[in-house]
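Student: Please take a close look at a single part of this model, the place where the two domains of one chain meet. I would like one connected account that goes from the whole chain down to individual residues.

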Amino acid sequence: MTNEECKKAVLDIIADIAPDEDLSNVKPDVRLRDQLQLDSMDFLDIVMELRKRHGIEVPEADYMRLASLDSCAEYLTPKFNALAAKS
Amino acid sequence: MNLPRIVITGVGLTAPNGNSLPEFRKCLLEGVAGIGWLDVRYMGKLLAGVCHFDALRHQKKKEVRVGTRAGSISIWCAHEAIADSGLLFETFPKDRVGIYIGCTEHGNVETENEIYAISKFNYDTKYWSHYHNPRTVANNPAGEASLNLGITGPAYTIGAACAAGNLGLIHASQMLRLGEVDLAVCGGVSESIHTFGIFAGFKSQGALATHDVPAKASRPFDRARNGIVVSEGGCLYTLERLDDAKARGARIYGEIAGYGVNSDASDYVLPNPVRQAECIRKSLQNAGLAPSAIHIVNTHATATTLGDIQECEAIRAVFGEGCPDTYINNTKSFIGHCMGAAGALELAGNLPSFDDLVVHPTINVDDLDPACALPGLVLNAPAKAGRVDTILNNSFGMLGINSTLIVKRFVA
């Protein structure tokens, strides 16, 4: 998985948990909370959906790594690829 | 004691056969039921009353996703009632608004959904939603309405089984009389059809209706009745003290005349006609009215064999044969049993009688059970009444909670 594919996977999740938001111009280097109406429960949703859809665990200590699309990609892409390598 | 008079100034509702009072009333006068087939988890297609309001009129998509069905019903009804009241709500002090919503139960839908969801993950509870607790707290339906409308006064639910809709109005009247709030948004809601448990429970109890024709399924007082049709719905009113309503020139649907609430203290599920009659008498005493002064009795009857007979026994004990101006009807024959919403919805369906002097019927009575043959029972077609100045609304619930509410024509 590439970083761009990883960002797309995260955006797909956000589209479901924040269905009123326009996601066409999300800036990858800006904190998600600074450009979208997302609260702490929504971030727990992102964590839950990563677990349910992709089998990826994000420990609480790493929640900050999900702050922006860029940081998501940096943190999650290796996890996606490690899972793909296992299967 | 000289208590402030309380009046109804707005109605917001969703019923299986209408999303506004005019729509609902039209169906009640034209004999249009709202029962259909619903696919219920683990059980297949069952008879149910489903509401079809547009939740997105008053909620964002995210609110619908995060919240509950009961919350959506409450929000719909609250918005519609406030709009109907003509209040300038934007400038109304929100800390002076109370939300009092009757519920039969709450949280079963969300709990069943979560258990089903984690069943797909080998029942690993790490997949259990972090929304479970805010969704299932008993105050959820009122709390969601307070969030959506920015109401900062008291907002909570009243658990009173199927007597709860009436209790919402009764409690609101009390709070207004105490001066706790200046506007009450009150009534009842139910989302019960989204849980299999209520259907399975009634089925195990031998109290779930079956019929080949959905519109004929809910048939109180008919000899062939065979149980309850479970429905969802909601009805919330705006209640105000008369002086406040008059000061702003509000349209007044009717005045709270009196009420009675008591408990059977005799069985988990079986009704008790002696206590029901006591409840009705308490309401009459509270209203200062004789039985003969009641023009419409809206029955609770749910189409169970015993329950219908026992309520008729209670009504007969109070009204006897000496009330020629008293008409008796039933709204569940159209919409099934809307549980916590039942009392509030059924009252709403009768309020227009103050204006049109027509009493909506009890439909689906092809073969009247002689044990239910009350004088004044309006069967299958509307009746034109000489006068309608009072409506007495019965709602009874499990664990023996009884409520009777009387609303009268507003006369300045």
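**The domain contact in chain B**

Tutor: The domain assignment divides chain B into domain 1, residues 6–247, and domain 2, residues 257–408. The model is predicted, and what follows should be read as a description of that model. Taken over C-alpha atoms, the centres of domain 1 and domain 2 of chain B lie 21 Å apart. The contact between them draws on 58 residues of domain 1 of chain B and 52 residues of domain 2 of chain B.

On the domain 1 side of chain B, the elements that each supply at least two residues to the side touching domain 2 are β1 (6–14), α1 (21–30), β3, β4 (97–103), α7 (164–177), β6 (183–190), β7 and β8 (233–241). Of these, α7(B) gives the most, with 7 residues. By residue class, the side of domain 1 of chain B that touches domain 2 of chain B has 32 nonpolar, 19 polar and 7 charged residues.

Helix α7 of chain B deserves the first detailed look. With 14 residues at 1.5 Å a residue, α7(B) should span 20 Å, and its end C-alpha atoms are indeed 20 Å apart, so the expected and modelled spans agree. The helix is mostly covered, as 11 of the 14 residues of α7(B) are buried. The buried set starts with the run B:A164, B:G165, B:N166, B:L167, B:G168, B:L169, B:I170, B:H171, B:A172 and B:S173, and it also includes B:L176. After α7(B) comes B:G179, which has a positive phi, near 80°.

Two residues of this helix lead to another part of the chain. B:A164 and B:G165 are both touched by B:G340, a residue in the loop between α12 (332–335) and α13 of chain B. Leaving out residues up to four places away in sequence, B:G340 also touches B:G102, B:C103, B:T104, B:C162, B:G188, B:V189 and B:S190. B:G340 has 38 other C-beta atoms within 10 Å; the cut-off for a buried residue is 20 or more, so B:G340 counts as buried. Another long-range relation of B:G340 is with B:I158: the two are 182 residues apart in sequence, but their C-alpha atoms are 9.3 Å apart in space.

The loop that holds B:G340 runs between α12 and α13 of chain B, and the second of these helices is covered as well. In α13(B), residues 342–350, 9 of the 9 residues are buried, so the helix is largely enclosed by the rest of the structure. The buried residues of α13(B) are B:A342, B:G343, B:A344, B:L345, B:E346, B:L347, B:A348, B:G349 and B:N350. Among them are the charged residue B:E346 and the polar residue B:N350.

Two of the strands that supply the domain contact, β3 and β7 of chain B, also belong to a sheet. That sheet is open, has 3 strands in the order β2-β3-β7 (chain B), and is mixed in its pairing. β2 (35–40) and β7 (230–231) of chain B stand at the edges with a single partner strand each, so one side of each has no neighbour in the sheet. Strand β3(B), residues 44–49, pairs with β7(B) in the parallel sense over 2 bridges. Within the sheet, B:A48 stands opposite B:V230 of β7(B).

The whole of chain B gives the setting for these details. Chain B has 14 helices and 15 strands. Its radius of gyration is 20 Å, close to the 22 Å that the globule rule gives for 412 residues, so chain B is as compact as a globular protein of that length. The C-alpha trace of chain B spans about 65 × 50 × 40 Å along its principal axes. Of the 412 residues of chain B, 56% count as buried. Among contacts in chain B between residues at least 6 apart in sequence, 80% join residues at least 24 apart.

Chain B also meets chain A. Here, 7 residues of chain B are in contact with 7 residues of chain A. The chain B side of this contact divides into 2 nonpolar, 1 polar and 4 charged residues. Chain A itself has 4 helices and 0 strands, and 18% of its 87 residues count as buried.

Key. Residues are numbered from 1 along each chain as its sequence is written. Chains are lettered from A and ligands numbered from 1 in the order in which they are written. This is a predicted model: local features need pLDDT of at least 70, side-chain atom pairs count only at pLDDT 80 or more; totals for chains, interfaces and linings use all residues. Two residues are in contact if their C-beta atoms, placed from the backbone, lie within 7 Å. A residue is buried if 20 or more other C-beta atoms lie within 10 Å of its own, exposed if 12 or fewer, and partly exposed in between; C-beta atoms are placed from the backbone. Two strands pair if DSSP finds at least two bridges between them. Domain bounds come from an automatic or database domain assignment. The radius of gyration is taken over C-alpha atoms; the globule rule is 2.2 Å times the number of residues to the power 0.38. The expected span of a helix is 1.5 Å times one less than its number of residues.
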